[in-house]
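Please work through the exercises below with the sequence and the coordinates at hand, and try each task before reading its solution.

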Amino acid sequence: MRELIKRYVFQVQANDFDNAGAASSTIKRNLKTIAINPSIVRKVAVASYEAEINIIIHSNGGEMVLEIYEDMISIKANDKGPGIQDVDLAMSEGFSTASNAARELGFGAGMGLPNIKKYSDNFKITSNEKGTRLTIDIMIE
Amino acid sequence: MKVHEIRELLNAKLYVGEGLLDKEIIGAYASDLMSDVLASNYLDEKAVLVSGLNNVQLIRTAEMLDLSVIVLVRGKTPHPEVVEMARENGIALMTTTLNMYNSCGILYAQGVKGFSNERAD
């Protein structure tokens, strides 16, 4: 078993466009205080930010969990539904169901989940009507 | 190219980031879609981001990618919260009345190439 060094939990509200990215900004600041390669921090930050935006624009709200291990950073993004109808489709680049409000924010390119997967060393997604759960693991070199 | 040269070429107004005017920029990326910017993991702090998106997500995106220079195009006046967030994150923010195509064209003609997936590295 990996030893957990630190764990932070951030609540993310649905449709809270004004604060979109606040959790990921805090996550990035936390990671900058420990000695991790900046390119790893950037990968975590981008994946976290996309996941946070997804919770805000697509879900009924949820939480982001940052776990720091000796050799790995893990982000969990768990929301309270309504779930993704077709996960395979959502994972394909360019597919989007984003609202106009989300598009006005600069999102809705259909790159969120593909981006998250791209930046992850290990990526898991499960989704049903009760919620979508992402696990994003990024190894520290 | 230095940041102050970008400002001069685009006749841009600098809102925040005086301290970054002598910073060297080696490439650019232009988009209004932040997820497309975020997909660009080859970007780094030596890139200038050219965008017409006038909201805090523009700054958040730059923050996540460690970008430090943004040109807001099409004559948009940045919202105060956008300027403030840029200041908090040490990001230079300037605006030009030029549109995105012409802004990029001017920079490209002066040797600022696009960061892209096609880079050999």
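**Exercise 1: the sheet of chain A**

Task: in this predicted model, determine in which sense strand β2 (residues 62-69) and strand β3 (residues 72-79) of chain A pair, and over how many bridges.

Solution. The two strands, β2 and β3 of chain A, pair in the antiparallel sense, and seven bridges join them. One of the paired positions can be checked by residue, since A:Leu66 has A:Ile75 in β3(A) as its bridge partner. The next step is to place this pair in its sheet, which is open and consists of five strands of chain A in the order β1-β2-β3-β5-β4, with antiparallel pairing. In that order β1 (4-12) and β4 (122-128) of chain A stand at the edges with a single partner strand each, so one side of each has no neighbour in the sheet. Neighbouring strands of the sheet are turned against each other by 10° on average, direction ignored. Finally, helix α1 (residues 22-32) of chain A lies across β1, β2 and β3 of that chain, and runs at about 10° to β2(A).

**Exercise 2: the largest pocket**

Task: state how much space lies in the largest pocket, and which element gives the most to its lining.

Solution. The space in the largest pocket comes to about 610 Å³. Of the 33 residues that line the pocket, those closest to its centre are A:His58, A:Ile84, A:Ala90, A:Thr97 and A:Leu113. Two or more lining residues come from each of α2 (38-58), β3, α3 (87-90), α5 (112-119) and β5 (131-139) of chain A, and it is α2(A) that gives the most, with seven residues. Divided by character, the lining holds 17 nonpolar, 13 polar and three charged residues.

**Exercise 3: backbone exceptions**

Task: locate the cis peptide bond that involves A:Pro82, and decide whether A:Asn15 and B:Asn11, each with a positive phi, are buried or exposed.

Solution. As background, most residues other than glycine have a negative phi, and most peptide bonds are trans. The cis bond joins A:Gly81 and A:Pro82, with omega at about 15°, and A:Pro82 is placed in the loop between β3 and α3 of chain A. A:Asn15, although not a glycine, has a positive phi of about 60°, and this residue lies in the loop between β1 and α1 of chain A. Because exposed means over 50% relative accessible area, A:Asn15 counts as exposed at 52%. In chain B, B:Asn11 is likewise not a glycine and has a positive phi of about 50°, with its place in the loop between α1 (3-9) and β1 (13-16) of that chain. At 68% relative accessibility, B:Asn11 also counts as exposed.

Key
Residues numbered from 1 in each chain as written. Chains lettered and ligands numbered in written order. Predicted model: local features only at pLDDT ≥ 70, side-chain atom pairs only at ≥ 80, totals over all residues. Heavy atoms only, no water. Pairing = 2+ DSSP bridges. Helix = DSSP H or I, 4+ residues; strand = E, 2+ residues; numbered from the N terminus. Axes fitted to C-alpha atoms, helices over the stretch in contact; angles between N-to-C directions. Contact = heavy atoms within 4.5 Å. 1 Å grid on protein atoms, 1.4 Å probe; cavity = no way out; pocket = protein on both sides within 12 Å on 5 of 7 lines; lining within 4 Å. Points joined across faces, edges and corners; volume = space filled by probe spheres on them. Nonpolar A, V, L, I, M, F, W, Y, C, P; charged D, E, K, R; others polar. Buried < 20%, exposed > 50% of the residue type's maximum accessible area, 1.4 Å probe, protein only.
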